[in-house]
Amino acid sequence: MSNYVINHLKELESEAIFVIREIAAQFENPVLLFSGGKDSILLTHLAKKAFFPAKIPFPLIHIDTGHNFPETIAFRDALVEKLGVKLIVGSVQEAIDKGRAKEETGADASRNSLQIVSLLDTLEEYKVDAAMGGARRDEEKARAKERFFSHRDEFGQWDPKNQRPELWNLFNGRKNYGEHFRVFPISNWTEMDVWEYIKLENIELPSLYFSHQRDCLVRDGVILANSEFIKLKENEEVVNMTIRYRTCGDMPITGAVESEADNLDKIIEEIATTRTTERGGRADDKRAETAMEDRKKQGYF
């Protein structure tokens, strides 16, 4: 009798698919939060594998801030059409127009925290009881506190001290009326795991993740793409740089890295030697030491 051994990527895949199927079994109206970044694309790929040959049995939700990279939106629309899944779009601009959110002003203005209102409104409108996302524990210290099933109260808020134990892959999805869960099937993956799996499965990604030429500016040590959403400060200049992105968010807050890595092998080699964290270039995380945790407590992803 031969021993069947799987490598760590297949073990992570198996764990994530188990969690995704558990969500489909325990909840009535689950959704997949889709940002167009590599982690949500990976999660969508895993959801496809979890239910193949059937289609993904729940919709994708994208919270559109209006400040997205054009490449992200084009990739999102192409993927949704290819998979034949339902896409729900929550609009930050619509929340601003309705007076539900207030636009920030100033050179460092961002719509990142404004996503909270649009996300919670969208989840309530569609009576979502479980929203799964591609957050990973290795990304940021606040996310390191998360369990697979993250309970949110009736206001969509997260209390890190009021979460359920998860022993032997037993997940407690019980909740009161009006409450919901955020679920993170790839919690145990690292950035390197993600890239190695993307290569293994030949998963298509937006061109943002590969080396390309772009007009940029450097602000507080962060390389930002020049766009209509950024107001240049005095003495800031726009220069053409060879860059790529390790994480994908809004244009005014997502930092790039100078890189010649134009294929997966080069990206994996680059990540293996870098000393900077994946979200080290995110301007929204630099606003305060507890920026991410503060947003999560308010209902953020």
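## Helix α6 and what covers it

In this predicted model, a good share of helix α6 is tucked away: Glu-191, Met-192, Asp-193, Val-194, Trp-195, Tyr-197 and Ile-198 are its buried residues. So which elements do the covering of α6? Among them are helices α1 and α2, strand β9 (239–244) and helix α7 (264–273). Once α6 ends, Asn-202 comes just after it with a positive phi of about 55°.

## How α2 sits against α6

Take a look at the pair made by α2 (residues 38–51) and α6 (residues 191–201). Their axes lie 11 Å apart, and the two helices pack at an angle of about 50°. That angle makes α2 oblique to α6. As for handedness, the α2 and α6 crossing is left-handed.

Which residues meet across this crossing? From α2 come Lys-38, Asp-39, Leu-42, His-45, Leu-46 and Lys-49, and from α6 come Glu-191, Val-194, Trp-195, Tyr-197, Ile-198 and Glu-201. Sorted by class, the contact of α2 with α6 has 6 nonpolar, 5 charged and 1 polar residues. If you're tracing the spacing along these helices by eye, it helps to recall that an α-helix has 3.6 residues a turn, so residues three or four places apart point the same way.

## Glu-13, a buried acid

Glu-13 belongs to helix α1 (residues 8–26). Is Glu-13 buried or exposed? Its relative accessibility is 9%, and since the cut-off for buried is under 20%, Glu-13 counts as buried.

Who keeps Glu-13 company? Setting aside its neighbours within four places in sequence, Glu-13 is in contact with Leu-46, Lys-49, Trp-189, Tyr-197 and Glu-201. Some of those names will look familiar from the helix pair above: Leu-46 and Lys-49 are among the α2 residues that meet α6, and Tyr-197 and Glu-201 are among the α6 residues on the other side of that contact.

## The six-stranded sheet

Now for the sheets. One open sheet has 6 strands in the order β3-β2-β1-β4-β6-β5, and its pairing is mixed. β3 and β5 are the edge strands, each pairing on one side only. From one strand to the next, the twist averages 30°. Two helices to look for here are α3 and α5. Helix α3 (residues 70–83) packs on the sheet and touches β2 and β3, with its direction at about 150° to that of β3. Helix α5 (residues 115–125) packs on the sheet too, touching β1 (30–33), β2, β3, β4 and β6, and its direction makes about 150° with that of β2.

At the β3 end, strand β2 (residues 60–64) and β3 run parallel and are joined by 5 bridges, with Leu-60 standing opposite Leu-87 in β3. The side chains of β3 (residues 87–91) alternate: Ile-88 and Gly-90 point to one face and are buried, whereas Leu-87, Val-89 and Ser-91 point to the other and are not. Strand β6 (residues 180–183) has both faces covered: His-180 and Arg-182 are buried on one side, and Phe-181 and Val-183 are buried on the other. On the β4 side, β4 (residues 130–132) pairs with β6 in the parallel sense over 3 bridges, and Ala-130 has Phe-181 as its bridge partner in β6. On the β5 side, 4 bridges join β5 (residues 149–152) to β6 and the strands run antiparallel; there, Phe-149 stands opposite Val-183.

## The four-stranded sheet

The other open sheet to look at has 4 strands in the order β8-β7-β9-β10, with antiparallel pairing. β8 (222–225) and β10 (257–258) stand at its edges with a single partner strand each, so one side of each has no neighbour in the sheet. Strand β7 (residues 212–219) runs antiparallel to β8, and 4 bridges join the two. Within that pairing, Leu-217 has Leu-224 of β8 as its bridge partner.

## The chain as a whole

Stepping back, the chain holds 8 helices and 10 strands. How much of it is buried? Of its 301 residues, 52% are buried. Looking at contacts with a separation of 6 or more, 73% of them are between residues 24 or more positions apart.

How values were computed: Residues numbered from 1 in each chain as written. Predicted model: local features only at pLDDT ≥ 70, side-chain atom pairs only at ≥ 80, totals over all residues. Heavy atoms only, no water. Axes fitted to C-alpha atoms, helices over the stretch in contact; angles between N-to-C directions. Parallel < 35°, antiparallel > 145°, perpendicular 65-115°, else oblique. Left-handed = near helix turned anticlockwise from the far one by under 90°. Contact = heavy atoms within 4.5 Å. Nonpolar A, V, L, I, M, F, W, Y, C, P; charged D, E, K, R; others polar. Pairing = 2+ DSSP bridges. Buried < 20%, exposed > 50% of the residue type's maximum accessible area, 1.4 Å probe, protein only.
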